[in-house]
Amino acid sequence: MACLVPSYSPLVSFKSWTKAGNTLLRQSTRRVLPINLSAPSSQSRTLSLFDPSSPRPSISAHNPSEIRFSAGQPEDLPTRLLELSAWELGPSKSAITRQFTFRTFNDAWRFMSVVADECKAKRHHPSWSNLYNQVSIEWTTHKPQGLSIKDVDMAAFCDRAADEIGLKMP
Ligand SMILES: C[C@H](O)[C@H](O)[C@H]1CNC2=NC(N)=NC(=O)C2=N1
């Protein structure tokens, strides 16, 4: 298992802003609860919120030969992919998707902030969207095109971050 401990402080800075007339001023930088991302995640809940009316099958339901991997990937990539039990294969067969539902918008925003920091560190970026307490994420690799180990590493990181923050109970 790759080590996903961020190289920076696990304490997340949260900048708050205040409005003075039409000007936004940075009010303060306060520290919020630390998030420990070093522990392996327990099994994450499967949510099929990209299209709840017709949930896509989990990755394990697909024949590995139909998955479009990027060129030059490590041999264990298909095995690593199967560990992502809460993720689904996108219709392109070269992307994985998951929708996370948090208790509050604040938790969803905090999750996105932690993932964004990891994106910067790993130079790998998702296609994602947020609606109130929901965050939809798609990972794919543009160059070399396909599904790569970077996507799997980032998806596993997302699972860990969501576990630490806590998902909304059904
Ligand atoms: C130079 C830089 O590392 C590349 O452009 C990165 C940026 N982020 C990326 N993100 C994703 N998802 N796929 C890429 O191929 C990719 N390439």
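# Exercises on a predicted chain

Read from its start to its end, the chain follows the pattern β-β-α-β-β-α-β-β-α, and the model examined here is a predicted one. The chain has three helices and six strands, and of its 170 residues 26% count as buried.

## Exercise 1: the open sheet

Determine in which order the four strands of the open sheet lie, and which strands form its edges.

**Solution.** Begin with the order, which is S3-S4-S6-S5, with antiparallel pairing. The edges follow from the pairing: strand S3 (88-89) and strand S5 (127-131) each pair on one side only.

Next, take the pairs at either end of this order. S3 and strand S4 (residues 96-101) pair in the antiparallel sense over two bridges, and Glu88 stands opposite Thr97 in S4. S5 and S6 also run antiparallel, and here five bridges join the strands; one position to inspect is Leu131, whose bridge partner in S6 is Gln134.

Finally, look at the connection between S5 and S6, a hairpin with two residues between the strands, in which Tyr132 takes a positive phi near 50°.

## Exercise 2: cover on the sheet

Find which strands helix H2 and helix H3 lie across, and how many of the five residues of S5 are buried.

**Solution.** Helix H2 (residues 105-122) lies across S4, S5 and strand S6 (134-139), and it runs at about 25° to S6. Helix H3 (residues 149-165) lies across S4 and S6, running at about 160° to S6.

For S5, the count of buried residues is zero among its five residues, and the strand is described as hardly covered. The cut-off behind this count is that a buried residue has 20 or more other C-beta atoms within 10 Å of its own.

## Exercise 3: helix H3 and its surroundings

Establish what span H3 has, and which elements its buried residues pack against.

**Solution.** H3 has 17 residues and reaches 24 Å from its first C-alpha to its last, which is close to the 24 Å expected at 1.5 Å a residue. Immediately after the helix comes Gly166, whose phi is positive, near 100°.

The buried residues of H3 include Val152, Met154, Phe157, Cys158 and Ala161, and charged-residue names such as Asp151, Asp159 and Arg160 also appear among them. Together, the buried residues of H3 pack against helix H1 (77-82), S4, H2 and S6.

## Exercise 4: the packing of H2 and H3

Work out how H2 and H3 are oriented relative to each other, and which residues meet where they pack.

**Solution.** Two packed helices are described by the angle between their axes and the distance between the axes. For H2 and H3 the angle is about 150°, and the axes are 10 Å apart. Angles over 145 degrees count as roughly antiparallel, and H2 and H3 are therefore roughly antiparallel to each other. Their crossing is right-handed.

The residues that meet include Arg110, Phe111, Val114 and Val115 on the H2 side, and Met154, Phe157, Cys158 and Ile165 on the H3 side.

## Exercise 5: Pro64 in its loop

Decide whether Pro64 is buried, exposed or partly exposed.

**Solution.** First locate Pro64, which is found in the loop between strand S2 (23-31) and H1. Then use the neighbour count: Pro64 has 13 other C-beta atoms within 10 Å, and is therefore partly exposed. As a last step, consider Pro78, which is 14 residues from Pro64 along the chain, while the C-alpha atoms of the two are separated by 7.1 Å.

Note on methods:
Residues are numbered from 1 along each chain as its sequence is written. This is a predicted model: local features need pLDDT of at least 70, side-chain atom pairs count only at pLDDT 80 or more; totals for chains, interfaces and linings use all residues. Two strands pair if DSSP finds at least two bridges between them. Two residues are in contact if their C-beta atoms, placed from the backbone, lie within 7 Å. Axes are lines fitted to C-alpha atoms, for helices over the stretch in contact, and angles run from 0 to 180 degrees between N-to-C directions. The expected span of a helix is 1.5 Å times one less than its number of residues. A residue is buried if 20 or more other C-beta atoms lie within 10 Å of its own, exposed if 12 or fewer, and partly exposed in between; C-beta atoms are placed from the backbone. Angles under 35 degrees count as roughly parallel, over 145 as roughly antiparallel, 65 to 115 as roughly perpendicular and the rest as oblique. A crossing is left-handed if the near helix is turned anticlockwise from the far one by less than a right angle, and right-handed if clockwise.
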